[in-house]
Amino acid sequence: MIGITVMALVFGVVLAELPDKTALAGLVLGARYRASYVFAGVAAAFLLHVVLAVAADSVPTLLPQRLVHALTGLLFLGGAAMLLFGRGDDEEGIRRPEDQSFWKVAGTGFMLILVAGFGDLTQIMTADLAARYDDPLPVGLGAVLALWAVAGLGIVGGKALMRRVPLKLITKIAALLMAGLGVWSLWEAAAG
């Protein structure tokens, strides 16, 4: 019974920390690509983050924060450039879901979340909760379920947004937001 309580507590705490830049990434990817492919990549990255966090509370801090912020900034700026300068920004130009490569879409989601979320507050908090409760399984389950819930909502939100707002506008706003997050992350790397 205590395990379920810990799992529910961690689920709520992690859910309260989101949405953040990882949720935005899910929303942007969900607007452009097949939702199940995006979710597979994002879910795998979140699972890896949680496993690392509950395995050892020092793992999220192994890489210098400046390096993590710099890599995150570059990934977001690269994503913004791909959105702004990529081909097929009109409704007809978007590839049909059956034409999208699972590995390309899932890999993009995986790498973006892997780097953007490494050593962030959610991962550090998960490691802290695992150490505090000395019960890694319920902490890990609560954290991963919360992260997957936010990812799913972001991806579904991206699909719903695409039905109501022209893709060109979504693409420009998403590129602007990703560029802003990229600049912010690079500023944190330089200031840190």
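These are my notebook entries on the helices, the core and a few single residues of this predicted model.

**Entry 1: ground rules**

I worked from a predicted model, where local features need pLDDT of at least 70, side-chain atom pairs count only at pLDDT 80 or more, and totals for chains, interfaces and linings use all residues. I number residues from 1 along each chain as its sequence is written, and side-chain values use heavy atoms, with hydrogens and water left out.

**Entry 2: the fold**

I looked up the secondary structure first. The protein chain has eight helices and zero strands. Helices (H or I, at least four residues) and strands (E, at least two) are DSSP runs, numbered from the N terminus. Along the sequence the pattern reads α-α-α-α-α-α-α-α.

Next I checked burial. Of the 192 residues, 42% count as buried. Buried means under 20% relative accessible area, exposed over 50%, and partly exposed in between, with a 1.4 Å probe and protein chains only.

Then I checked contacts, meaning heavy atoms within 4.5 Å. Among contacts between residues at least 6 apart in sequence, 93% join residues at least 24 apart.

**Entry 3: the core**

I asked which residues touch the most other members of the largest nonpolar core. They are Val-10, Val-14 and Met-178, in a core of 35 residues. Such a core is a set of buried Ala, Val, Leu, Ile, Met, Phe, Trp, Tyr and Cys residues joined through side-chain atoms within 4.5 Å.

Each of these helices supplies at least two residues of this core: helix 1 (2-17), helix 2 (21-32), helix 3 (35-55), helix 4 (65-85), helix 5 (102-117), helix 6 (121-133), helix 7 (136-164) and helix 8 (167-191). Helix 7 gives the most, with seven residues.

I followed Val-14 outward. Leaving out residues up to four places away in sequence, Val-14 touches Thr-122, Met-125, Thr-126, Ala-143, Ala-146 and Leu-147.

**Entry 4: Met-125 and Leu-112**

Met-125 sits in helix 6. Its relative accessible area is 15%, so Met-125 is buried. I paired Met-125 with Val-13: they are 112 residues apart in sequence and 8.9 Å apart in space, C-alpha to C-alpha.

Leu-112 belongs to helix 5. Is Leu-112 buried or exposed? Leu-112 counts as buried, because its relative accessibility is 8%. Its C-alpha is 9.3 Å from that of Gly-26, with the two positions 86 residues apart in sequence numbering. Setting aside neighbours within four places in sequence, I found Leu-112 in contact with Ala-25, Leu-29, Leu-75, Phe-76 and Met-178.

**Entry 5: helix 2 against helix 8**

These two pack at an angle of about 150°, with their axes 11 Å apart. Axes are lines fitted to C-alpha atoms, for helices over the stretch in contact, and angles run from 0 to 180 degrees between N-to-C directions. That angle makes helix 2 roughly antiparallel to helix 8. Angles under 35 degrees count as roughly parallel, over 145 as roughly antiparallel, 65 to 115 as roughly perpendicular and the rest as oblique.

The crossing of helix 2 and helix 8 is left-handed. Left-handed means the near helix is turned anticlockwise from the far one by less than a right angle; clockwise is right-handed.

Helix 2 brings Lys-21, Leu-24, Val-28, Ala-31 and Arg-32 to the contact. Among the helix 8 partners are Leu-167, Ile-170, Met-178 and Ser-185. The contact residues divide into nine nonpolar, two polar and two charged. Here Ala, Val, Leu, Ile, Met, Phe, Trp, Tyr, Cys and Pro count as nonpolar, Asp, Glu, Lys and Arg as charged, and the others, Gly among them, as polar.

**Entry 6: helix 3 and its partners**

I took helix 6 first. Helix 3 and helix 6 pack at about 40°, axes 7 Å apart, and are therefore oblique to each other. The crossing is right-handed. His-49, Val-50, Leu-52, Ala-53 and Val-54 of helix 3 meet Gln-123, Thr-126, Ala-127 and Ala-130 of helix 6. I count six nonpolar, three polar and no charged residues in this contact.

Helix 5 came next. Helix 3 and helix 5 pack at about 35°, with axes 7 Å apart. This crossing is right-handed. The helix 3 side includes Tyr-37, Gly-41, Phe-46 and His-49, and the helix 5 side includes Phe-102, Gly-109, Phe-110 and Gly-117. The contact divides into 14 nonpolar, four polar and no charged residues.

**Entry 7: a loop residue**

Last, I looked up Asp-134, in the loop between helix 6 and helix 7. Asp-134 has a positive phi of about 50°, although it is not a glycine. Asp-134 counts as exposed because its relative accessibility is 67%.
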